[in-house]
Amino acid sequence: MKSIVHRGTREIGGTLIELQSGNTRILLDAGYLLFLNGKPIEEDLSKLGPAELLELGVLPRIAGLYGWDTPGVDAVVISHAHLDHYGLLKFVHPAIPVYLSTGTRTLIELSQTFKICEPYAINARMFAMYEPFLVGDFSVKPYLMDHSAFDSAAFEIQAEGKTMIYTPATLKFLLDDFLRRAKFFSGMRRNKKGYGKFSIDEQAARGVADV
């Protein structure tokens with residue numbers, strides 16, 4: 001399992017992490033920048049065309065992600081409904097599935113209804129908390145997290161015998177809370193089905209990464 005942090009280690013906002021395993025590519029969040037060149041990003045920049053946004057670095061250069069590319073990403077997984085985690089979805093190719101919770105999808109739709117962001121369609125796939133889903137070589141298990149956006153999720157992601165966790169916030173107590181929940185649920189599975197010891201090979205949180 002290979003991880004590429006396109007954005008989100010040296011700033012708050014604009015989070016976008018790519019995971020690769022075999023022929024599978026998934027993206028964790030697709031966030032719009034809060035800051036550009038050390039200054040709060042200007043609202044009018046969002047009205048620029050894709051070429052200008054790529055040149056400015058508002059859009060990271062990720063092959064196979066955007067609507068003008070041939071799709072090369074298997075899924076985008078959204079942790080919660082803050083623009084700095086989902087604000088680039090309008091540029092994502094419509095054939096690429098976007099996995100998110102029911103609450104997150106509802107908040108995004110409300111933001112469009114009240115013109116907080118412009119309306120656009122996504123290829124939405126709903127997940128349920130604590131129920132793993134498969135994307136190619138990856139198994140992704142969402143965990144309900146305490147965060148300022150309703151129905152936020154952290155993720156336990158497994159591939160190639162390795163486990164990565166991803167949380168939507170930098171606060172250490174939230175990361176510790178995820179670890180307690182993950183170990184608890186893993187322990188239940190281990191007792192019932194004889195699974196091995198729970199271990200974490202990689203971890204990433206908004207604004208920090210240990211990958």
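**Reading a predicted fold by its cut-offs**

Tutor: Let's start with a hairpin: β11 and β12 are joined with 2 residues between them, and Glu160 in that turn has a positive phi of about 55°. Keep in mind that we are looking at a predicted model.

Student: What makes β11 and β12 count as paired strands?

Tutor: Pairing needs at least two DSSP bridges. Between β11 and β12 (residues 162–167) there are 5, and the two strands run antiparallel. One bridge partner to look for is Thr163 in β12, which goes with Gln158.

Student: Which strand joins β11 by 6 bridges?

Tutor: That is β10 (residues 138–144), again antiparallel to β11. Gln158 serves as a landmark here too, since Ser139 stands opposite Gln158 in β11.

Student: Why is β11 described as largely enclosed?

Tutor: A residue is buried when its relative accessible area is under 20%. In β11 (residues 153–159), 6 of the 7 residues are buried, so the strand is largely enclosed by the rest of the structure.

Student: Let's turn to the open sheet. What is its strand order?

Tutor: The order is β1-β2-β3-β6-β7-β8, 6 strands with mixed pairing.

Student: Why are β1 and β8 called edge strands?

Tutor: Each has a single partner strand, so one side of β1 (2–7) and one side of β8 lack a neighbour in the sheet. From one strand to the next, the twist averages 25°.

Student: How do you know that β7 and β8 pair?

Tutor: The criterion is at least two bridges, and β7 (residues 97–100) has 4 with β8, running parallel. Leu100 is found opposite Met126 in β8.

Student: What makes you say that α3 packs on the sheet?

Tutor: α3 touches β7 and β8, and its direction makes about 110° with that of β7. Touching here requires heavy atoms within 4.5 Å.

Student: How many salt bridges does a search of the whole structure find?

Tutor: The search finds 5. In general, side chains of opposite charge can pair when their charged atoms come close.

Student: Why is the contact between Arg25 and Glu18 called a salt bridge?

Tutor: The cut-off is 4 Å from a side-chain nitrogen of Lys or Arg to a carboxyl oxygen of Asp or Glu. For Arg25 and Glu18 the N to O distance is 2.7 Å, so the pair meets the definition. Both residues are buried.

Student: And what makes Glu55 and Arg61 qualify?

Tutor: Their closest N and O atoms are 3.8 Å apart, which is within 4 Å, so they qualify. Here Glu55 is exposed, and so is Arg61.

Student: What separates Arg105 and Glu109 along helix α3?

Tutor: About one helical turn, because they are 4 residues apart in the helix. Their closest N and O atoms are 3.2 Å apart, and they form a salt bridge.

Student: Why are these two residues called partly exposed?

Tutor: That class lies between the buried limit of 20% and the exposed limit of 50%. Arg105 has 34% relative accessibility, so it belongs there, and Glu109 at 38% does too.

Student: Why is Ser111, also in α3, classed the way it is?

Tutor: Its relative accessible area is 14%, so Ser111 is buried. Beyond its neighbours within four places in sequence, Ser111 contacts Tyr86, Ile116 and Cys117.

Student: How do you know whether Phe114 is buried or exposed?

Tutor: The exposed class starts over 50%, and Phe114 has 62%, so it counts as exposed. Phe114 sits in the loop between α3 (102–113) and β8 (123–126). Together with Leu83, Leu110 and Ile116, Phe114 forms a nonpolar surface patch of about 420 Å² accessible area.

Student: What puts His93 in its class?

Tutor: His93 has a relative accessible area of 16%, so it is buried. His93 lies in the loop between α2 (83–86) and β7. Not counting residues up to four places away in sequence, His93 touches Leu65, Tyr66, Gly67, Asp69 and Pro71.

Student: And what is the value behind the class of Leu53?

Tutor: Leu53, in helix α1 (residues 50–56), has a relative accessible area of 0%, so it is buried. Leaving aside neighbours within four places in sequence, its contacts are Leu45, Leu48, Val58, Leu59 and Phe91.

Notes:
Residues are numbered from 1 along each chain as its sequence is written. This is a predicted model: local features need pLDDT of at least 70, side-chain atom pairs count only at pLDDT 80 or more; totals for chains, interfaces and linings use all residues. Side-chain values use heavy atoms; hydrogens and water are left out. Patches are made of residues with over 30% relative accessible area and no salt bridge: like charges are joined within 9 Å, nonpolar side chains (Val, Leu, Ile, Met, Phe, Trp, Tyr) within 5 Å. Accessible areas come from the Shrake-Rupley method with a 1.4 Å probe; for residues, only the protein chains shown count as cover. Buried means under 20% relative accessible area, exposed over 50%, partly exposed in between (1.4 Å probe, protein chains only). Axes are lines fitted to C-alpha atoms, for helices over the stretch in contact, and angles run from 0 to 180 degrees between N-to-C directions.
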